[in-house]
Structure formats: structure tokens, C-alpha cells
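Student: Can we walk through this structure together? I'd like to start with a pocket and then look at how some helices pack.

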Amino acid sequence: METMTTNSGNDINNEEHSPMLTSSSSNCLTTSINKISTSDYEKMSEQFLTIFLTWDEREQLIFVENLLKRMHSHQHGQINTVLLPMLQRDFIGQLASRGLEHIAEKILGYLDHKTLIASEYVCHDWYHVISTGMLWKKLIERKVLSDTLWDGLAKRRDWTKYLFRQVLTSNEIGKTHEFYRNLYPKILQDIKQIEINWRTGNFQLEKIQCRSQNSKGVYCLQYDKDKIVSGLRDNTIKIWDRKTLECTKVLTGHNGSVLCLQYDEKVIVTGSSDSTIRVWNVKTGELINTLLHHCEAVLHLRFSDGTMVTCSKDRSIAVWQMNSPTDITIRRVLVGHRAAVNVVDFDEKYIVSASGDRTIKVWDTTTCEFVRTLLGHKRGIACLQYRDKIVVSGSSDNTIRIWDIECGACLRILEGHDELVRCIRFDSKRIVSGAYDGKIKVWDLVAALDPRSQSSLCIRTLTEHTGRVFRLQFDEFQIVSSSHDDTILCFNFLNDSPITDNTTTITASPTTTAS
């Protein structure tokens with residue numbers, strides 16, 4: 001079988017593929033004895049082989065096993081030199097030579113990128129299967145479909161147009177195998193650089209000045225690739241173009257500060273200090289519905305899959321059935337907190353609420369029955385997020401706690417903020433928190449969940465806001481936050497945004513440390 005050699009097996013860049021044949025193994029056992037000493041050896045061995053061939057396979061195996069047990073270890077080594085070439089099978093090459101390349105492609109398509117590199121150097125047949133089958137392209141496509149980081153990077157770097165079924169214009173030529181082979185390491189370098197930027201504090205900063213008319217402050221926000229929707233202290237909801245940062249719509253109707261919001265592809269739902277919940281058409285900004293239930297400020301809300309949960313300064317939690325934007329009805333009211341309920345979150349199993357009474361309460365989503373209370377914070381709890389059996393909460397005791405929702409245990413306490421922790425979000429890798437000290441902190445969630453970890457869990461502290469941080473959201477590439485300073489800040493760790501009048505590039509000093 002042909003094998004390939006390379007000066008750098010780990011280098012994914014273009015290399016010349018030149019085959020080098022291995023030296024073939026001996027077809028017979030070598031021995032230091034030049035002359036057979038046993039008389040009639042050849043005659044007797046022929047007789048033994050003739051008898052051996054008359055046995056069935058099971059009998060032959062038993063005989064050979066017994067024969068091997070009676071031989072010396074050095075003889076086993078000599079037999080091994082004969083067996084190894086017999087056991088080697090280039091099934092990939094054989095499939096390709098028999099016109100079954102699609103099966104060979106399917107097999108090699110399961111390889112990771114390091115093994116795929118090595119496979120290219122096995123022989124010409126293997127390289128031919130990998131190149132004609134566009135296996136580097138398929139590997140990238142699998143990553144994009146299964147990993148949100150790869151998917152987001154593909155969209156931001158605009159190489160999705162080279163993936164899946166390409167639509168080519170009359171003057172365009174389809175990309176070759178080498179293009180995708182070279183693209184893969186560039187993607188890996190991008191991903192590595194993003195992580196470095198998060199840890200070192202290198203980002204492009206974009207600022208939106210909200211220019212509130214009366215009371216200043218942005219209490220809540222949510223964003224996607226096209227827009228940022230914000231709720232302001234001046235009773236308005238403002239929608240901003242994500243690329244130009246210009247205000248495209250102002251929604252009016254609330255008679256108090258807009259304290260919380262969430263939107264999907266159809267509606268924006270907002271809660272206000274005027275005790276109402278309002279539903280707006282996300283495209284036109286038209287007011288569709290006004291919900292009256294709470295008797296004091298609506299502090300937080302979440303909705304998903306036909307269910308909405310709201311909480312209020314009136315100490316209650318309302319569970320709503322959302323049949324349509326105009327058909328929303330109360331399903332259940334949950335009571336049990338002894339102070340304002342500041343935040344709620346839920347999934348198909350649990351509703352989680354946190355209050356100024358220092359407790360986090362867990363409720364069954366289906367039955368709305370109380371399940372358990374999480375105790376530990378020394379002062380009121382201002383924020384939390386719940387996902388994947390983990391709850392992360394922030395409190396006016398200036399700490400962040402990580403909880404196991406199933407057993408109610410506190411897994412870790414994070415300290416570092418100087419004032420009330422007002423907002424918090426986390427994903428599979430990191431926690432991002434904002435506080436009344438004006439700081440946004442990035443924490444290593446993986447290390448925080450490891451009880452053996454003793455290292456500093458705060459990766460980076462961002463101090464760009466000049467007022468209390470009220471709300472934030474983040475993804476693999478950016479943090480978007482709002483503040484009492486009447487601004488929305490966008491921290492871009494991919495550093496790919498066009499430079500505008502609202503953009504500042506922040507590069508941390510090599511001596512800067514997280515605090």
C-alpha cells in the first residue's frame with residue numbers, strides 16, 4: 001500500500017502530495033540457521049500441510065493456537081512480521097478503485113480535521129477521495145450546522161455563500177477543494193482570536209446615545225442581527241438599526257418607565273411601572289393588546305411556546321396562556337414571596353422566581369405547584385437566569401451565586417462587584433454580569449463549576465459605562481448593555497465592524513489584569 005510523508009503532519013496549509021512507497025515485508029520467515037538440520041523436513045512438512053488442509057476452520061484454529069503456545073517468544077516476533085502485511089487492508093483505496101467512491105467518502109466524512117489531514121497523506125487514492133468528495137467543505141458545513149459559534153462566524157464573515165448548495169452567477173466559478181482546505185485553518189484562527197479578545201479585553205465599542213427627553217436611563221433591551229429594542233425610563237420603547245445605530249421607531253403608550261421587554265418574530269411584549277403589560281406588532285410598532293392584572297409595577301417577563309410569566313412589585317407571579325397576540329389569558333397566579341418579585345425565568349419543567357425577600361423559588365411549569373426554595377443570598381435578589389439545570393443569580397449583597405436547581409445546592413459564590421448586581425446572563429462558557437458599580441464583569445463558568453478550581457474566576461472587567469448597568473445580553477461575539485447613563489454600548493470581540501463615528505477600538509495593555 002502506498003503511504004504519504006510530510007514534513008509537518010499538523011500543518012493544514014497546502015502541501016505537495018508526493019507518494020513514497022514503504023519497503024515490503026518479507027514473504028517468508030528468516031532464520032539464522034542456513035541449513036535445515038532435521039532430516040526429511042520438507043517431506044514431513046508437506047504431509048503435515050496436507051493433513052492440515054483436510055480439517056475445518058475451527059480445527060485449524062485450535063491446532064495453530066496450540067502450536068503457537070509451544071513456540072518461543074522470539075519466534076512469535078518473526079511470525080508477526082509475516083502476519084502484519086497479511087492483515088493490512090486498504091479498504092478505502094479498494095472502494096475507490098471499484099467505482100464505490102461515494103462509500104469511501106461517507107467513511108472518511110466522519111473524520112475530524114486532524115485525522116483528515118493525516119488521511120490525505122496515506123496515498124493518492126485517499127487524497128483523491130477527499131478532494132473529489134469535497135470533504136473539507138462538508139466538514140465545515142457540519143460544524144456550521146452543529147455549533148452556534150461556527151454558524152455565527154459564517155454569517156459575519158460572509159462565507160455561508162460558499163457552503164451547502166451554492167448559487168453561482170454566470171461569471172462565478174465554484175470553489176475548489178483547496179479553497180475549503182485553506183479556509184478551515186482561517187476559521188480556527190478566528191475562533192482562537194475571539195477567545196483571546198474576550199480574555200484580554202480587546203474589542204470595538206459602539207455607543208448609542210438614547211437622548212431621553214425627560215428621565216434618563218435604559219432599563220431593558222434585546223437585540224438580533226438587524227435591530228436593538230430598548231425600554232427607557234422616559235416611558236418609550238425605541239428600536240435601533242443594528243448596523244447604523246440610528247433610531248428607526250419610537251413606540252409610545254405606557255404611562256410609566258418601561259422596565260422589561262421581550263420580542264419574537266411577531267410581537268414585542270413590554271412591562272411597565274404603570275402596572276400594565278402591552279403587546280406591540282414587531283414590524284409596524286402598532287399597539288395590539290394591553291393586559292391588566294398586576295396592581296403595581298411589572299418588573300420582569302418571559303414568554304415562550306404559548307406561555308408567558310410575569311412578575312411584579314405586588315409580590316405575585318402571573319402565568320399567562322398566549323393563544324394569539326390578542327388572546328392572552330391568566331392561567332394561574334403564584335404567591336409565596338414576601339417582597340417584590342424582581343425576575344422570573346422558565347422552561348418546560350420549572351418556573352424560577354427571585355425576590356427582594358432574599359429567596360429564589362422554584363415552581364412546576366405544568367402544574368404551577370411550588371417545588372423548593374433556594375436560600376443563601378444575604379440581601380434581596382435582583383436578577384437571575386435559568387437554563388440546563390443551572391440557576392445563576394445576582395443580589396444586592398454584591399455577590400453572584402450558581403445553583404443546582406434539582407437539589408437546591410449553591411455550587412459557587414462569585415465576589416467582585418462593589419454594589420448591587422443588577423443583570424446577569426450566561427452560556428455554556430461564561431457568565432456576564434452588570435452592576436450598580438457601573439462595571440460589567442466576565443466570568444469563567446466552566447472553571448466556576450469545577451470544585452477543584454482555585455484560579456481567579458473573573459476573566460475581564462469592563463468599565464465603559466458611567467452609570468449603573470441595568471440590562472445586558474451577549475453571544476459568542478459581543479455584549480450589548482444599557483445603563484442609567486442613557487446609553488447602549490455594543491462590545492464587539494470579533495473586531496469586524498466598520499469604523500464609524502460611534503466606534504471606538506479598545507485594546508488592553510499587556511499588563512492589564514482582570515479585577
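**Pocket and packing**

Tutor: Sure, and keep in mind that this is a predicted model. Strands E4 (218-223), E8 (258-263), E12 (298-304), E16 (341-346), E20 (381-387), E24 (421-426) and E28 (469-474) each put at least two residues into the lining of the second largest pocket.

Student: Which strand gives the most to the lining of the second largest pocket?
Tutor: The second largest pocket has a volume of about 920 Å³, and 39 residues line it. Those nearest its centre are His-300, Ile-424, Arg-425, Arg-471 and Leu-472. The biggest giver, with six residues, is E20.

Student: How many residues of that lining are charged?
Tutor: Split the lining of the second largest pocket by class: 20 residues are nonpolar and eight are polar. The charged ones number 11.

Student: On to helices: are H8 and H9 roughly parallel or roughly perpendicular to each other?
Tutor: H8 (residues 135-146) and H9 (residues 148-157) have axes 5 Å apart and pack at about 110 degrees. In H8, Ile-140, Lys-143, Val-144 and Ser-146 touch Thr-148, Trp-150, Asp-151 and Ala-154 of H9. An angle from 65 to 115 degrees counts as roughly perpendicular. H8 and H9 are therefore roughly perpendicular.

Student: And what is H8 relative to H10 (residues 177-200)?
Tutor: Here the axes of H8 and H10 are 8 Å apart, at an angle of about 40 degrees. That angle makes H8 oblique to H10.

Student: How many nonpolar residues are in the contact of H8 with H10?
Tutor: From H8 come Trp-136, Lys-137, Leu-139, Ile-140 and Lys-143, while H10 brings His-177, Tyr-180, Arg-181, Leu-183, Tyr-184 and Ile-187. One residue of this contact is polar and three are charged. The nonpolar count is seven.

Methods:
Residues numbered from 1 in each chain as written. Predicted model: local features only at pLDDT ≥ 70, side-chain atom pairs only at ≥ 80, totals over all residues. Heavy atoms only, no water. Axes fitted to C-alpha atoms, helices over the stretch in contact; angles between N-to-C directions. Helix = DSSP H or I, 4+ residues; strand = E, 2+ residues; numbered from the N terminus. Parallel < 35°, antiparallel > 145°, perpendicular 65-115°, else oblique. Contact = heavy atoms within 4.5 Å. 1 Å grid on protein atoms, 1.4 Å probe; cavity = no way out; pocket = protein on both sides within 12 Å on 5 of 7 lines; lining within 4 Å. Points joined across faces, edges and corners; volume = space filled by probe spheres on them. Nonpolar A, V, L, I, M, F, W, Y, C, P; charged D, E, K, R; others polar.
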